[in-house]
Amino acid sequence: MGLLTIAAASALGAGGAVIAAPVVLGAIGFTGVGIAAGSYAASMMSAAAVANGGGVAAGSAVAVLQSVGMAGMGTAATSAVAGAGGVLTGLAALIF
């Protein structure tokens with residue numbers, strides 16, 4: 001597979017990951033108005049609250065995902081998602 005093909009796949013993967021992240025978060029229940037009742041996110045929040053004695057710890061995965069679901073991704077999160085998407089897609093293009 002050519003280097004240009006891998007680079008193109010990486011670029012598409014980076015952009016696709018940034019676009020897909022908010023959609024996926026909404027689909028699992030991290031919405032702009034809070035955690036959707038009965039969703040996977042609600043199950044995560046419940047488990048986190050039980051594990052932490054009744055509250056969700058600041059900075060935990062549930063807290064961060066809820067923040068992103070409500071406010072959107074900041075620059076650092078967008079960069080991290082794009083980087084991960086690009087790397088994973090580039091590796092997939094290299095392997096397949």
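**Close-up 1. Ser 39 and its surroundings in the predicted model.** Set aside the residues within four places in sequence, and Ser 39 is in contact with Ile 28 and Gly 29. You will find Ser 39 in the loop between strand E2 (34-35) and helix H2. Is Ser 39 buried or exposed? Ser 39 counts as buried, because its relative accessibility is 12% and buried means under 20%. Look also for a polar atom of the Ser 39 side chain: the backbone oxygen of Ala 36 lies 2.6 Å from it.

**Close-up 2. Ala 36, the partner of Ser 39 in that 2.6 Å pair.** Ala 36 also has its place in the loop between E2 and H2. With a relative accessible area of 28%, Ala 36 is partly exposed. Which residues touch it, leaving aside neighbours within four places in sequence? Ala 36 is in contact with Gly 29, Thr 31 and Ala 42. Try tracing the chain from Gly 26 to Ala 36 as well: they are 10 residues apart in sequence, and their C-alpha atoms are 8.8 Å apart in space.

**Close-up 3. The largest nonpolar core.** Seven residues make up this core: Leu 25, Phe 30, Ala 41, Met 44, Ala 48, Val 62 and Val 68. Helix H2 (40-51) and helix H3 (61-71) each supply at least two of them. Which element gives the largest share? That is H2, with three residues. Now pick out Ala 48, a member of the core. Not counting residues up to four places away in sequence, Ala 48 touches Gly 55, Val 56 and Val 62.

**Close-up 4. The buried residues of helix H3.** Four residues to find here are Val 62, Gln 66, Val 68 and Gly 69, which are buried in H3. Why do they lie on the same side of H3? They sit on the same side because they cover an arc of only 160 degrees around the axis. A handy rule helps when reading such a view: an α-helix has 3.6 residues a turn, so residues three or four places apart point the same way. What covers the buried residues of H3? The cover includes helix H1 (3-27), strand E1 (30-31), E2 and H2.

**Close-up 5. Gly 72, just after H3.** Follow the chain past the end of H3 and you arrive at Gly 72, whose phi is positive, at about 90 degrees.

Definitions and conventions:
Residues are numbered from 1 along each chain as its sequence is written. This is a predicted model: local features need pLDDT of at least 70, side-chain atom pairs count only at pLDDT 80 or more; totals for chains, interfaces and linings use all residues. Side-chain values use heavy atoms; hydrogens and water are left out. A nonpolar core is a set of buried Ala, Val, Leu, Ile, Met, Phe, Trp, Tyr and Cys residues joined through side-chain atoms within 4.5 Å. Buried means under 20% relative accessible area, exposed over 50%, partly exposed in between (1.4 Å probe, protein chains only). Helices (H or I, at least four residues) and strands (E, at least two) are DSSP runs, numbered from the N terminus. Contact means heavy atoms within 4.5 Å. A polar contact is a pair of N or O atoms within 3.5 Å; within protein, one must be able to donate a hydrogen and the other to accept it, and residues adjacent in sequence count only if both atoms are side-chain atoms. The arc is that of the directions from the helix axis to the C-beta atoms.
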